[in-house]
Amino acid sequence: MLGIVVGVGAVVCMVSVGAGAQAEVSEKIRTLGANLLLVMPGARNSGGARLESGTQPTLTVEDAASIRRELADVQVAAPLLSRSLPLVAANRNWVTVVAGINPDYLVAREWQVASGRLFTSDEIASGAKVAIVGAVIVEELFNGGPGIGETLRIGNVPFTVIGVLDKKGLGAAGRSQDDVVFIPLSAAKSRVLGAVRGTTREALDFISIKVSDTTAMSEIQRDVEALLRQRHRIRGDAPSDFRVENPADVLFARGAAMRLLAGLLIAVAAVSLVVGGISIMNIMLVSVTERTREIGLRMAVGARRREIRWQFLIEAAILALVGGLVGAFLGAAAAVAIAWKAGWPVLISPWAIVLACGFAGFIGISFGLYPAHRAARLDPIVALRFE
């Protein structure tokens, strides 16, 4: 019974974790935005050592405009310039990411405004001191109030809140996507962020590209790389000073790894179920031997062979099913504990529980057949004389 408990518990737990991994990947892709490519700055060499990615910021607004203009399948190419800065509103303060964008960035991320409005073209062109904030900013600076029309200072520059974004939740890196302030890109360059890491004001953190055709993602990724290499005058086999990435690929790989691990553990759990079935068969064989006189007595008073056979089959099935139910409960509890401890999403499927318990019952019946058949074939006279 213990083998059945362990096997069913492991199956239910791992199926729940695997389903949660798939749900997490789908949710992360939804919050990132569909059909999204990211162009990231490259890495700079210093003293013969290659530094971290982003230390060679060579991307410009003109690069983004060129991608949008010259590649037909690109819907938007949105530049972004960001930095962590302190915010102050009345007697409250908060440190968060302040990002300079144009409205195309919210289109690329499929990010809706819950209240208020987007930047106008005049505000983008003039570098107006207006801001669109995430839900976390409203909670931390404005105590959960509407936020629209409120003033917050970014550094020493006052900005008026004109919009509040819909909630996005956690991003792929585990950081809240709602903890952000968006301002016009021109205002970020001229009023707030200035030079980034000692480079010119034109250098961007990354460019978000929204593609119209999902099936052409790989081809457009190659086209973007070729276009930017041409614009940056990179020749031959020289390494690019940027990277073009598909965030969904990383998330799919993560989900596939989690599902593979869950599949391997399910296979191990299946072995545990078989071992539990063998244990049930051995225990039932011992039970037949110990109850030989009982079986002979039942036959002597009129029990038929099929009734003896069903008696032992039902006992084996009950052992397996009780073990399956206990295992399903423990597996669900383990899945919830994993979700709470590790922050993983877990979806406990009723079908997984039903199938695991059904398989446990099948194991019990399958491995109970031989002991039941052996019990049914006992000679009643010999059985009554058994010591």
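What follows is a walk through a predicted model of a single chain, from the overall picture down to a few individual residues.

Some ground rules come first. Residues are numbered from 1 along each chain as its sequence is written. Because the model is predicted, local features need a pLDDT of at least 70 and side-chain atom pairs count only at pLDDT 80 or more, while totals for chains, interfaces and linings use all residues; side-chain values use heavy atoms, with hydrogens and water left out.

Let's start with the whole chain. Its secondary structure comes to 12 helices and 11 strands; here helices (H or I, at least four residues) and strands (E, at least two) are DSSP runs, numbered from the N terminus. Of the 387 residues, 45% are buried, where buried means under 20% relative accessible area, exposed over 50%, and partly exposed in between (1.4 Å probe, protein chains only). Now take the contacts in the chain with a separation of 6 or more: 76% of them join residues 24 or more positions apart. A contact, by the way, means heavy atoms within 4.5 Å.

How confident is the predictor? That is what pLDDT tells you, residue by residue, from 0 to 100. The chain has a mean of 78, and 82% of its residues reach 70 or more. Strand S6 (residues 130–133) has the highest confidence, at 92, and strand S2 (residues 49–56) the lowest, at a mean of 50. Over residues 46–52 the pLDDT stays under 50, and the model has 9 contacts beyond four places in sequence for them. Residues 195–200 also have a pLDDT below 50, with 6 contacts in the model beyond near neighbours in sequence. Where pLDDT is low, the predicted coordinates should not be read in detail.

Next, look at a pair of helices. Two packed helices are described by the angle between their axes and the distance between the axes. Helix H2 (residues 61–70) and helix H7 (residues 217–231) pack at about 130 degrees, with their axes 11 Å apart. Axes are lines fitted to C-alpha atoms, for helices over the stretch in contact, and angles run from 0 to 180 degrees between N-to-C directions. That angle makes H2 oblique to H7, because angles under 35 degrees count as roughly parallel, over 145 as roughly antiparallel, 65 to 115 as roughly perpendicular and the rest as oblique. On the H2 side, Glu-62, Asp-63, Ser-66, Ile-67 and Glu-70 meet Val-224, Leu-227, Leu-228 and Arg-231 of H7.

If you carry on past H7, you come to Arg-233, in the loop between H7 and strand S11 (242–245). Most residues other than glycine have a negative phi. Arg-233, though not a glycine, has a positive phi near 55 degrees, and with a relative accessible area of 71% it is exposed. Glu-110 also has a positive phi without being a glycine, at about 50 degrees. You'll find Glu-110 in the loop between helix H3 (104–108) and strand S5 (113–116), and its 37% relative accessibility counts as partly exposed.

Strand S5 is also home to Gly-116, which is exposed, with a relative accessible area of 54%. Gly-116 and Gly-163 are 47 residues apart in sequence, yet their C-alpha atoms are 4.1 Å apart. Leaving aside neighbours within four places in sequence, Gly-116 is in contact with Ile-148, Ile-162 and Gly-163.

For a buried residue, turn to Phe-159 in strand S8 (residues 157–165). Its relative accessible area is 0%. Not counting residues up to four places away in sequence, Phe-159 touches several others, among them Ala-128, Val-130, Leu-152, Ile-183 and Ala-187. Ala-187 is also one of the buried residues of helix H6 (residues 185–192), along with Leu-185, Ala-188 and Lys-189. These pack against H2, strand S3 (74–89), strand S4 (92–101), S8 and strand S9 (180–184).

Beyond H6, the loop leading to strand S10 (206–211) holds Asp-205. Asp-205 is buried, at 15% relative accessible area. The C-alpha atoms of Asp-205 and Pro-41 are separated by 6.8 Å, although the two residues lie 164 residues apart along the chain.

The last stop is helix H9 (residues 292–300), whose buried residues are Thr-292, Ile-295, Gly-296 and Met-299. They cover an arc of only 100 degrees around the axis, so they sit on the same side of H9. That arc is taken from the directions from the helix axis to the C-beta atoms. H9 is followed by Gly-302, with a positive phi near 120 degrees.

Definitions and conventions. pLDDT = per-residue confidence, 0-100.
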